[in-house]
Amino acid sequence: MDVPLPHLDRPFDYLVPEALDADARPGVRVKVRFAGQLVDGWLLERAESSEHPKLAYLEKVVSPVPVLSPEVARLARAVADRYAGSLADVLRLAVPPRHARAEKAVTTDTPPTDEPAPGGTEPDGIPADGTEPDGSPADGTAPGGVPSEAADAGARPGGRAEVDPRGWRDYPAGPALLRALTDGRPARAVWSALPGEDWADRYADAVAATVAGGRGAVVVVADARDLDRLDAALTAVLGAGRHVRLAAADGPARRYRAFLTARTGGVDVVIGTRAAMFAPVRRLGLVAIWDDGDDLHAEPRAPYPHARDVLLTRAQLGDIAAVVGGYARTAEAQLLVETGWAREVVADRAVVRARTPALAPTGDDPQLARDPGAASARLPSLAWTTARDALRADLPVLVQVPRRGYVPSVACADCRAPARCPHCAGPLALPSAQGTPACRWCGRVAAAYACPECGGRRLRASVTGARRTAEELGRAFPGVPVRTSGREEVLATVPGGAGLVIATPGAEPVAEGGYGAVLLLDSWALLTRADLRAGEEALRRWMAAAALARPGTAGGRVVVVADGALAPVQALLRWDSAWFAARELAERRELGFPPAVRMASVTGAAEAVADLLAGARLPGDAEVLGPVPADEGRERMLVRVPRSRAAAMAEALHAAAGQRSARKAPDPVRLQVDPLTLF
């Protein structure tokens with residue numbers, strides 16, 4: 001039943017009246033009477049009998065279309081157990097709301113056939129450590145299922161079209177990966193893309209190889225811009241009408257139509273944002289995700305699953321292939337490699353050096369000797385001359401800044417105390433050069449602001465945004481076109497020729513032929529965040545921008561305004577995110593942070609948190625940390641267990657939440673397993 005109460009998270013038996021017998025098929029939406037109310041539900045299966053002596057009747061079949069496939073139902077149950085959530089919450093994420101007109105537009109005369117993945121198994125649950133039982137396949141392939149060149153030397157099955165592996169030849173294991181996908185083997189790969197790589201074309205090749213082998217694919221990207229790029233690449237490779245896109249931003253009718261097209265077998269390929277992670281594809285052979293470190297992959301609604309973990313769970317349950325790709329590598333992806341669950345697909349160092357732009361920091365000793373002000377200047381001389389040289393060569397220049405807006409944060413010019421709104425204590429910001437300070441939280445204007453610390457009335461910029469940066473660089477390079485790209489206006493591409501593009505992370509447009517120079521400013525804003533993933537996130541954003549530059553042999557240069565001795569900067573300079581991911585994972589193992597361990601966050605009123613933890617039968621080796629203050633007067637406790645005890649922890653927390661909901665405890669508690677933000 002679609003009831004978000006933990007103590008009701010179980011199937012219920014109902015009698016099917018004869019009038020509904022034909023339509024009451026597993027997977028359809030229904031309405032049932034429960035506790036005197038009519039509630040929505042899902043019909044999971046039909047049985048001849050029940051152990052309960054007295055049953056109520058099914059009230060209504062909302063639609064005869066079986067929108068919930070058995071494979072997605074099993075996946076939803078596994079995800080709910082993994083994240084200490086309820087099945088009803090996961091099904092709301094897995095199946096979009098019904099749209100009657102869209103449903104009529106899709107042919108549903110022939111009911112969908114729910115074929116299990118060929119060769120797949122249905123294990124009782126997900127291994128707590130995310131690895132295969134023995135760590136090595138039995139078919140002669142390398143760890144992770146990607147065949148080595150020796151193992152791949154055998155004959156190919158007849159009758160299958162071979163996908164041109166030309167785009168993957170820069171990666172020694174790339175062609176073997178495509179052949180494994182065509183052969184239907186469960187290859188698992190962590191792919192580190194080269195600078196300048198057209199990742200959408202490479203994913204289109206992988207999908208085409210899977211389709212050539214008679215299977216389907218699901219590919220998840222972070223945002224609409226990446227989705228448009230992948231959509232165009234797949235259309236070019238597969239042809240029009242061979243895939244659908246599934247994204248919440250497309251609107252309810254279009255989303256539901258695409259969902260039903262996939263559910264009824266109209267297409268074998270689904271791409272989309274995190275809304276596509278549960279897409280019902282028959283004969284599924286490949287799940288893939290691009291840039292898994294992007295926080296947009298984390299679902300903000302209960303039970304807060306991450307798209308990467310949902311897809312990997314799907315690969316594990318169905319014994320199918322999986323690809324985790326990106327310019328940078330996360331600690332979670334590195335764990336897949338180190339445990340042998342996946343094999344890394346990387347280029348040789350000689351190819352990396354040939355494809356990488358010339359990278360340089362501004363804070364190392366040689367630069368400080370030539371430019372003593374480089375340690376404090378926002379645009380040191382090296383960055384300025386690099387931009388000037390690129391513009392003189394009639395090449396575009398990309399400038400990445402972490403914050404949007406004009407001046408998103410101001411401080412007292414006398415005592416440097418942060419300027420706060422006198423009404424809600426939110427941060428004050430300047431919308432323009434002549435604008436009046438206004439609160440970023442409540443929107444109130446603070447025209448007569450006076451510092452509560454020293455009484456000063458003058459303000460200074462403590463953080464400079466993209467629009468202010470564009471204004472400053474426009475004065476520094478008169479006559480040069482300046483464009484901005486951010487949340488307000490996202491540029492898809494930049495035409496050739498000289499020009500400055502000021503962009504926030506994730507909104508960098510692609511330039512024809514690549515950028516002549518990329519400047520990475522305000523690195524301190526990324527590196528000094530109180531976040532477990534600050535270094536990893538900084539490197540991910542830098543590499544995504546640097547990958548848009550020309551190779552060094554073609555004049556491409558990247559300047560990062562940071563100390564070259566810092567580990568994220570070193571990883572960028574060597575273009576070696578695998579080294580940094582291994583370092584991060586080793587440090588988290590030592591300190592006991594995810595993904596080396598499993599951690600759950602319990603947030604709510606102090607009494608409610610204490611009540612839930614008191615009723616939870618946690619494993620004996622569980623550590624309870626806290627409390628620490630959370631938002632809105634609440635507090636947070638953290639529960640940490642080894643990965644092998646993750647399932648027991650999730651079950652204990654879910655059961656404790658069920659006990660509280662059964663006795664109608666007044667204060668809600670939010671449960672999150674492995675949240676992105678711990679502090």
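**Exercise 1. Describe how strand 24 and strand 25 pair, then place them in their sheet.**

Step 1. Strand 24 and strand 25 (residues 635-642) run antiparallel and are joined by five bridges. The model is predicted.

Step 2. Take one pair of residues. Valine 624 stands opposite valine 639 in strand 25.

Step 3. Widen the view to the sheet. It is open, has four strands in the order 24-25-23-26, and its pairing is antiparallel.

Step 4. Find the edges. Strand 24 (623-629) and strand 26 (669-673) each have a single partner strand, so one side of each lacks a neighbour in the sheet.

Step 5. Add the twist. On average, neighbouring strands of this sheet are turned by 20 degrees against each other, direction ignored.

**Exercise 2. Work out which strands helix 18 lies across, and which strands helix 19 touches.**

Step 1. Start with helix 18 (residues 606-615). It lies across strand 23 (597-604), strand 24, strand 25 and strand 26. Helix 18 runs at about 135 degrees to strand 23.

Step 2. Turn to helix 19 (residues 646-662). This helix packs on the sheet and touches strand 23, strand 25 and strand 26. The direction of helix 19 makes about 15 degrees with that of strand 23.

**Exercise 3. Give the strand order of the seven-stranded open sheet and identify its edges.**

Step 1. The order is 6-7-5-8-9-4-10, and the pairing is parallel.

Step 2. Strand 6 (243-246) and strand 10 (343-345) stand at the edges. Each has a single partner strand, so one side of each is left without a neighbour in the sheet.

Step 3. The average turn between neighbouring strands of this sheet is 20 degrees, direction ignored.

Step 4. Look at one edge. Strand 10 pairs with strand 4 (residues 188-192) in the parallel sense, over three bridges. Within strand 10, glutamate 344 stands opposite valine 190.

Step 5. Place a helix on the strands. Helix 6 (residues 224-238) lies across strand 5 (216-220), strand 6, strand 7 (269-272) and strand 8 (284-290). Helix 6 runs at about 155 degrees to strand 7.

**Exercise 4. Classify glutamate 71 by exposure and list what it touches.**

Step 1. Locate the residue. Glutamate 71 is in helix 1 (residues 70-82).

Step 2. Apply the cut-offs. Buried means under 20% relative accessible area, and exposed means over 50%. Glutamate 71 has 27% relative accessibility, so it counts as partly exposed.

Step 3. List the contacts. Leaving out residues up to four places away in sequence, glutamate 71 touches Leu284 and Arg314.

Step 4. Check the span. Glutamate 71 and leucine 284 are 213 residues apart along the chain, yet their C-alpha atoms are separated by 9.9 Å.

**Exercise 5. Characterise the second largest pocket by volume and lining.**

Step 1. The second largest pocket holds about 980 Å³ of space.

Step 2. It is lined by 37 residues, of which Pro11, Phe12, Asp13, Leu44 and Glu45 are the closest to its centre.

Step 3. Assign the lining to elements. Strand 1 (29-34), strand 2 (37-42), helix 1 and helix 2 (87-94) give two or more residues each.

Step 4. Sort by class. The lining has 24 nonpolar, six polar and seven charged residues.

**Exercise 6. Summarise the whole chain: elements, burial and contact range.**

Step 1. Secondary structure comes to 19 helices and 26 strands.

Step 2. Of the 679 residues in the protein chain, 53% are buried.

Step 3. Take contacts between residues at least 6 apart in sequence. Of these, 74% join residues at least 24 apart.

Terms used. Residues numbered from 1 in each chain as written. Predicted model: local features only at pLDDT ≥ 70, side-chain atom pairs only at ≥ 80, totals over all residues. Heavy atoms only, no water. Pairing = 2+ DSSP bridges. Axes fitted to C-alpha atoms, helices over the stretch in contact; angles between N-to-C directions. Contact = heavy atoms within 4.5 Å. Buried < 20%, exposed > 50% of the residue type's maximum accessible area, 1.4 Å probe, protein only. 1 Å grid on protein atoms, 1.4 Å probe; cavity = no way out; pocket = protein on both sides within 12 Å on 5 of 7 lines; lining within 4 Å. Points joined across faces, edges and corners; volume = space filled by probe spheres on them. Nonpolar A, V, L, I, M, F, W, Y, C, P; charged D, E, K, R; others polar.
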